Amino acid sequence: MTKKYIVNEGGILGFKNSSEKISAEEFKLIKAEIDKLVEKQTPEQRLKNKLTSLKYKMEDYLEKNNPDNVVAVGYFIDELLKILEIKNKIFAEFIEVSKYDLSKIINGRKKINNDMALKLGHIFSIKADLWIDIQNKNELLMLEKEDSNKYQKYRLEDLLARR
């Protein structure tokens, strides 16, 4: 029997790191059980699960330090709209921005402001500061990537040497 090595970063029930070796057959059985549970859910429950899942992806992205993988805030907005099956034009009208500005945000060419973060927070039940934190993380990553040598000279040791 072939064993797959599954790493569950959240651990059992989300506590600590753990890893389990399970067979492909065991994996299929677990997936089948999950699929049965999902089939019993109402459309509203499924939608809520999808939205919650994306919120966790946002939080996970924020926590991970991977400077080569920058994900714009707009990507998450786009994913939410796909889950909800809402057209960009309708969403833009709802949040009172032009469809062009929304398109720029979704494509990562425009930043969101605090007002937009609050709107997104209320609509999707995802705190406004999470939206802003993701945007800030991305800005810092890009700035450091563009001019990493510039910041190397700022060291505590050098400052203390000037006393």
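This report walks through the fold of one protein chain, its confidence, one helix pair and two buried residues.

**The chain as a whole**

Welcome to a predicted model. The protein chain has 163 residues, of which 23% count as buried. Its secondary structure consists of nine helices and two strands. Starting at the N terminus, the order is β-β-α-α-α-α-α-α-α-α-α, with both strands ahead of the helices. Among contacts between residues at least 6 apart in sequence, 47% join residues at least 24 apart. The chain exposes about 12700 Å², and carbon and sulfur atoms supply 54% of that area.

**How confident is the prediction?**

Mean pLDDT for the protein chain is 87, and 88% of the residues reach 70 or more. Confidence is highest in helix α4 (residues 88–94), with a mean of 98, and lowest in strand β1 (residues 3–8), with a mean of 47. Across residues 3–8 the pLDDT is below 50, and the model gives this stretch 20 contacts beyond near neighbours in sequence. Residues 10–16 also have pLDDT under 50, with nine contacts beyond four places in sequence. Where pLDDT is low, the predicted coordinates should not be read in detail.

**Two helices that cross**

Now have a look at helix α2 (residues 43–63) and helix α7 (residues 128–146): their axes come within 10 Å and cross at roughly 35°. This crossing of α2 and α7 is left-handed. On the α2 side, the residues that meet α7 are Lys55, Met58, Glu59, Tyr61 and Leu62, while α7 brings Leu130, Trp131, Asp133, Ile134, Lys137, Asn138 and Leu141. By class, the contact of α2 with α7 has seven nonpolar, one polar and four charged residues.

**Two buried residues**

Next come Leu102, in helix α5 (residues 99–106), and Asp78, in helix α3 (residues 73–84). Are they buried or exposed? Leu102 counts as buried because its relative accessibility is 1%, under the 20% cut-off. Asp78, at 19%, is under that 20% cut-off too, so Asp78 also counts as buried.

The table lists their contacts, leaving out residues up to four places away in sequence.

| Residue | Relative accessibility | Contacts |
|---|---|---|
| Leu102 | 1% | Ile77, Asn88, Phe91, Ala92, Val97 |
| Asp78 | 19% | Asn88, Ile106 |

Asn88 appears in both rows, as a contact of Leu102 and of Asp78. One more distance helps to place Leu102: its C-alpha atom is separated by 9.4 Å from that of Ile112, 10 residues apart along the chain.

Notes
Residues are numbered from 1 along each chain as its sequence is written. This is a predicted model: local features need pLDDT of at least 70, side-chain atom pairs count only at pLDDT 80 or more; totals for chains, interfaces and linings use all residues. Side-chain values use heavy atoms; hydrogens and water are left out. Axes are lines fitted to C-alpha atoms, for helices over the stretch in contact, and angles run from 0 to 180 degrees between N-to-C directions. Helices (H or I, at least four residues) and strands (E, at least two) are DSSP runs, numbered from the N terminus. A crossing is left-handed if the near helix is turned anticlockwise from the far one by less than a right angle, and right-handed if clockwise. Contact means heavy atoms within 4.5 Å. Ala, Val, Leu, Ile, Met, Phe, Trp, Tyr, Cys and Pro count as nonpolar, Asp, Glu, Lys and Arg as charged, and the others, Gly among them, as polar. Buried means under 20% relative accessible area, exposed over 50%, partly exposed in between (1.4 Å probe, protein chains only). pLDDT is the predictor's confidence in each residue, from 0 to 100. Accessible areas come from the Shrake-Rupley method with a 1.4 Å probe; for residues, only the protein chains shown count as cover.
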